[in-house]
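This report describes the interior packing, aromatic contacts and internal spaces of a single structure. The sequence and the coordinates are shown first.

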Amino acid sequence: MTLDHIQAKTMHARRGSLKNAFQYGVDFVVVDLDKPGKLPAVLSHNGFNLWSLWDRRHGGARDHGKGVDWFRDVLLERGFPVEDAQLLLLTQPSFLWFHFNPVSFWVAVIYGEPCAFVAEVNNTFGDRHCYFCAHEDFRPIVPSDRLTADKLMHVSPFQKIEGQYRFNFAFTPELVRIRIAYENGDQGVIATLVGPRKPARSGSLLWAALRRPFGAARVVALIHWQAVILWAKKAPFLKKQPAPDTFLTENTPTVTPGE
């Protein structure tokens, strides 16, 4: 069984002439939904609780997902050696009735090393788009690798649907360290997620609920608060753009050496 609690820090910094940056704490879990085992009393799989993990929230259309089976199918379609892999989900669990994840990650791990992942990106307008990232030969992804994918979905009303995402991905048994750089010329955003992996316990999850109450509702509130700050700074505001025609970016992103 794999079930870890990551008391992480996320940082967002705007690129370009108009500066804005913020950092706050978030709670993620890493879970093997194929073998969730006995969960802490305050966390449920496909059932209501203080914290919950729902298959329908992940792996496919938003709120109509198929969970880990969707990720397995994505890997099989690309010839990935699924039989050798552990398939993990890195996500913020639902808190009571509330659920929202700006981004979750499906991760295929072989011998403790990540060899493919899907970034499952959601916006506050009800859309989702997924980005599949791996080397062509599915060798391990190391932190210095930069995996590149074109931005295809409207996420922020202050950024265009142009440019590219560059992912740096460190995922070890002890640590998660993810860097996503959205680059559109001299504009864009840098976002990071960093935190140690510790076994999930009822005590740590209860403390998270007290320390950072309301879970997903808090995340949505923080997103809108940052939008107010950008509006006050007179950042150009764009109306909602149409969702992309495709659900999953099909091409394996190009890989360039890390700095």
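The sections below take up the nonpolar cores, the aromatic residues, the cavity and pocket, and one buried threonine.

## Basis of the description

The structure is a predicted model. The values reported here were computed from it, and side-chain values rest on heavy atoms.

## Nonpolar cores

The largest nonpolar core comprises 36 residues, and the members that touch the most others are Trp51, Leu75, Phe80, Val118 and Phe132. At least two core residues come from each of strand 2 (21–31), strand 4 (51–53), helix 1 (68–77), strand 5 (86–91), strand 7 (103–110), strand 8 (113–122), strand 9 (128–133) and helix 2 (202–211). The most is given by helix 1, which supplies five residues.

Setting aside neighbours within four places in sequence, Trp51 is in contact with Val42, Leu43, Ser44, Pro93, Ser94, Phe95, Leu205, Ala208, Ala209 and Gly215. Apart from the largest core lies another, of 30 residues, including Leu147, Ala149, Val176 and Ile180.

## Aromatic pairs and cluster

There are 14 aromatic pairs in the structure. In one of them, the ring centres of Phe105 and Phe169 are 5.8 Å apart and the planes stand at 55 degrees, so the pair is classed as tilted. This pair links distant parts of the chain: Phe105 belongs to strand 7 and Phe169 to strand 11 (residues 164–171), with their positions 64 residues apart in sequence. Both Phe105 and Phe169 are buried.

Phe169 also forms an aromatic pair with Phe171; here the arrangement is stacked, with 6.0 Å from centre to centre and 15 degrees between the planes. Phe171 is buried, as is Phe169. One aromatic cluster takes in Phe105, Phe117, Tyr131, Tyr165, Phe167, Phe169, Phe171 and Tyr182.

## Charged side chains over rings

Tyr182, a member of that cluster, has Lys151 over its face, at 4.3 Å from the ring centre. Elsewhere, Arg56 lies over the face of Trp54, at 5.1 Å from the ring centre.

## Cavity

A search of the whole structure finds one cavity of 30 Å³ or more. The largest cavity holds about 90 Å³ of space. Its lining consists of Val26, Asp27, Trp51, Gln92, Pro93, Phe100, Arg212, Gly215, Ala216, Arg218 and Val219. Trp51 thus appears both in this lining and in the largest nonpolar core.

Strand 2 and helix 3 (215–232) each supply at least two of the lining residues. Helix 3 gives the most to the lining of the cavity, with four residues.

## Pocket

The largest pocket contains about 1,100 Å³ of space. Its lining is made up of 50 residues, and those nearest its centre are His12, Pro102, Val155, Ser156 and Ile223. Two or more lining residues are given by each of strand 1 (3–15), strand 2, strand 7, strand 8, strand 11, strand 12 (175–184), strand 13 (187–196) and helix 3. The largest share of the pocket lining comes from helix 3, which gives eight residues.

## Threonine 192

Which element holds threonine 192, and is the residue buried or exposed? Thr192 is found in strand 13. Its relative accessibility is 18%; because residues under 20% count as buried, Thr192 is classed as buried. Neighbours within four places in sequence aside, Thr192 is in contact with Lys9, Thr10, Met11, Ile178 and Arg179.

Key. Residues are numbered from 1 along each chain as its sequence is written. This is a predicted model: local features need pLDDT of at least 70, side-chain atom pairs count only at pLDDT 80 or more; totals for chains, interfaces and linings use all residues. A nonpolar core is a set of buried Ala, Val, Leu, Ile, Met, Phe, Trp, Tyr and Cys residues joined through side-chain atoms within 4.5 Å. Buried means under 20% relative accessible area, exposed over 50%, partly exposed in between (1.4 Å probe, protein chains only). Contact means heavy atoms within 4.5 Å. Rings of Phe, Tyr and Trp (its six-membered ring) pair if their centres lie within 6.5 Å; planes under 30 degrees apart count as stacked, over 60 as edge-to-face and the rest as tilted. A charge sits over a ring if NZ of Lys or CZ of Arg is within 6 Å of the ring centre and within 35 degrees of the ring normal. On a 1 Å grid over the protein atoms alone, a cavity is a set of points where a 1.4 Å probe fits but cannot get out, and a pocket is an open set with protein on both sides within 12 Å along at least five of seven lines; lining residues have an atom within 4 Å of a point. Grid points are joined across faces, edges and corners, and a volume is the space filled by probe spheres set on the points.
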